[in-house]
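Colleague: I am new to this one. Put it on the screen, please, and expect me to ask how you know each thing you say.

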Amino acid sequence: MLTYTIRRLLLAIPTLLFISFVIFAVIKLSPSDPTANLPLTIPPEVREKIRESLGFNEPFIVQFFLWLKQLVVTEPKVWMNNAFGTEFEIGQRMISYQTRSPVLDLIVQRIPQTLWVVGTSYVVGVLIAVPIGIISAYKQYSVFDQIGTFIAMIGFSVPTFFTGVLMILFFSVNLGWFPSIYDTTHVVEDWSSFLFQVKQMIMPTMVLALFNAAQISRYMRSSMLDNLTQDYVRTARAKGLTEKTVVLVHVLRNSMIPVVTVIALNLPSVFGGALITEQVFQVNGLGQLLILAIQGGDVPTVQTVTVIFAVLIVLFNLIADVLYGVLDPRIRYD
Amino acid sequence: MSKLKTLLLATAASAVALTGAFAQERGRDGEVKIIYWQAPSILNPYLSGGTKDIESASMVVEPLARFNQDGELVPYLVDSIPTLENGGITADNKTVTWKITDGIKWSDGTPFTSADVAFTAEYCRHPEGGCAQSAKFDGIDKIETPDPLTVIIKYSEPKYVPYSAFVGGQSPIIQKAQFQECLGAKAPECTDANFGPIGTGPFVVTSFKPNDVITMKANENYREAGKPAFATVTFKGGGSAEASGRAVMETGEFDYGWNLQLAPSVIQEMAKGGKGTPISAFGTLIERIEMNMTDPSPSLPEGERATAKHPHPILSDEKVRRALSMAIDRPLLVEIGYGQAGRPACNLVNAPIAYKSDNTGCLVQDIEGAKKLLDEAGWAPGGDGIREKDGKKLKLSYQTSTNAVRQDFQAIIKQNWKDIGVDTELRNLSGSVFFGGDPASPDTFQKFYADVEMYANNFDGTDPEQYLTQYTCDKAPRPETGWQGENINRYCSAEYDKLAVELGRTGDPAKRQALAKKMNDMLTKDSMTIVPLVDRGRVSAHANSLGGVVLNTWDSELWNVADWHRKK
């Protein structure tokens, strides 16, 4: 297993290099201009100077390798200097076009919020989805199953930018229960501020959780259904085990194998779903950073955030594969 | 009895005076929350140029003088505005002297001096800095600082309206001590300074999260006692105009929402929420249709397409352009797109009033007149209702940026033009592509690979010279200039070029105004090269409890934030 993991990790390096090159090519080939959003009162000569000072006019390949060097050489050095007090010589750090500040600092500043909102919503989604999936399968075609299927279809097919705005309209504008705009300066320091934090997280979290739960509950249901008809289930029942033991121990454990991998595989795509939700509720996470960077033609930021997403996807694919082997003794990679 | 009465009155009066004094304490009104749906990325306006960045920074850093809501100059950090009359400007119009008010301090307590002013120019004029406002300092030969309170700006050529450097929100003074290590290529390395400039304004940055939120507190060293009324500011950025409008007028979460570009019916509906009020004001922003004077046909080779080599086959005819303008129902456009924040317009320079030409001919739609003009031009109605000439259909491509109001406009104008027998093909492009200067992209507004296009433009300050001189022949975007240039239409007239030069050499205000009007007329009502549609105002909204807001389109919207207070 270990050699397999190492092999996969090594293979990931050329994959990621290729992905980042393709992303860079796509960004640079698309007509984007960091000065596009400036007022027209700024004359073209000045715009050209701005682009020059950003290094926007350098040849494509030069820009790509500069970016790569900054990501894998300069930034780790900065990190080492900060963490261990080493004194490496640092060249030009990777600078965002929009903010003229280091891109990695922006990302580090925004990761906690994304993890909080996305993480919580994922946990909540799984917690909702698994029981619904189990009951739906066990009582197939019951009223509960039908309602579960209906809600899952809604959650699956209605985009988060719609449910998000709908929730704002209902809970913020009409009822006034929750704030419509996420207060990113809020600090949790006591009970009441914690309550406020919960209040402002409910809507974005639930919107994403609904979306996640819809998907996972369907997987859970079908996986349970597959197992419920298996011979070993009949054997377990014949042995005189209680229904509870049969379903929650025998069937559930076996059904979880594909679901766990789906949960792991889907995790990076949740960051993608968070792009829009973060924008709707104005949570200052990675997704919002990416959208603003795309709008602002901020190539280094777009590139770095997208590559981080790519890394996450490759990594979680590996985790899913390894988990599969861990959970299912029939599967061996070596 | 009367003595008692006097006594009582005196007590009452002193009580009033006391509460009055109490009310004048700095920071008495707690927190004010401002929302901009575009999030500030940086607080150094010289490195950004974006409106959101300039306006958020305007609460912290200030220019020597600002424009007020009527477009008049108001001294901020100086005793008075230099003019020819008070001797601040020399008779040859080459030297301008600003006298800094004594006693002004930076928020860190150090004195504000002429060295800071001179440094600001040095910072922005550095060739490697990529300063977004360097055009404000054009023509400056050198800046002298004979004493800490005197700034003498020497221009190499006579400068008749020298109110661009250090004037208005785009050109504030930054502190030399903070930025002196950040010149040129080093500018982006000074992240702390760029995110938290030290200023002379009413507020001081306490934290800055780029593209998200700024928190500020009252500047203890602010020059006016008892101001600002608010102790802290939360300046939130991002989301959409709709979300900001909702947060101010419906849920009451924010006190001030900037630039609510929404359909008038949406704003009215929001205002019914009762928590806030929309406010509007007009400036120089004109939504217009630009006619392409060159042939954008894809059959022409790249490098010749849309250049002066090939005049436009249809739009070169002035009668056709005029007919297109006459057919447009401007009042309807205003009603649908802007409501109280728009007025039909026929001028490119529609404000300030002194520069506004008496041009109202386009305000009333004239379908019959337009048809007659097209007949005269030889475009006869065809079988399908579309006019033809020499077997060629009168068909135009019409592009603009993607934006709900603009697409409504396109639909209405397409209908208007259909009524006179002109077929229109509509196209819209993402703003970041359309307004981006990428010379490799065929879809930029400069390249103008379409017959007509629509967008809005304005000018900074109150003098239209630079704005009008954009339409000289040499400013046309073309392959040789990397498709850069402001003369989008490729308008070219020797007489206009001559007037542009003359405007640059004229100091007398009355003559300048006459020249500007003449140039405006040449572009609009005389030649119909530019077809103005709507004079676009600004709509913002403030909470009903927020006092002191004066919407200003000539400078930063937050220009008088020091006067904002909570209504009791």
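Modeller: First a yardstick: buried means under 20% relative accessible area, exposed over 50%, and partly exposed in between (1.4 Å probe, protein chains only). The model is predicted: local features need pLDDT of at least 70 and side-chain atom pairs pLDDT 80 or more, while totals for chains, interfaces and linings use all residues. Residues count from 1 along each chain as written, chains are lettered from A and ligands numbered from 1 in written order, and side-chain values use heavy atoms, without hydrogens or water.

Colleague: Why is Glu220(B) called exposed?

Modeller: Its relative accessible area is 59%. The cut-off is over 50%, so Glu220(B) is exposed.

Colleague: How do you know that Glu220(B) and Arg26(B) form a salt bridge?

Modeller: A salt bridge is a side-chain nitrogen of Lys or Arg within 4 Å of a carboxyl oxygen of Asp or Glu. Here the N to O distance is 4.0 Å. The pair links distant parts of chain B, 194 residues apart. Glu220(B) sits in the loop between β8 and β9, Arg26(B) in the loop between α1 and β1. Helices (H or I, at least four residues) and strands (E, at least two) are DSSP runs, numbered from the N terminus.

Colleague: What makes Asp321(A) and Arg8(A) a salt bridge?

Modeller: Their closest N and O atoms are 2.6 Å apart. Asp321(A) lies in α11 (residues 299–327) of chain A and Arg8(A) in α1, so the pair ties together parts 313 residues apart in sequence. Asp321(A) is partly exposed, at 27%. Arg8(A) is partly exposed too, at 23%.

Colleague: What separates Arg234(A) and Asp231(A) along the chain?

Modeller: They are 3 residues apart, about one turn of helix α8 (residues 231–238) of chain A. They form a salt bridge, with closest N and O atoms 3.4 Å apart. Arg234(A) is exposed at 57%, and Asp231(A) is exposed at 53%. Over all chains there are 40 salt bridges.

Colleague: Which residues make the nonpolar patch on the surface?

Modeller: Phe18(A), Phe21(A), Val22(A), Val26(A), Ile61(A) and Phe65(A), with about 550 Å² of accessible area together. Helix α1(A) gives the largest share, 4 residues. α1 (2–29) and α3 (60–84) each supply at least two. Patch residues have over 30% relative accessible area and no salt bridge; nonpolar side chains (Val, Leu, Ile, Met, Phe, Trp, Tyr) are joined within 5 Å, like charges within 9 Å. Areas come from the Shrake-Rupley method with a 1.4 Å probe, only the protein chains shown counting as cover.

Colleague: Why is Ile61(A) called partly exposed?

Modeller: Ile61(A), in helix α3 of chain A, has 42% relative accessibility, so it counts as partly exposed.

Colleague: How many helices and strands does chain A have?

Modeller: 11 helices and 0 strands. Of its 334 residues, 49% count as buried.
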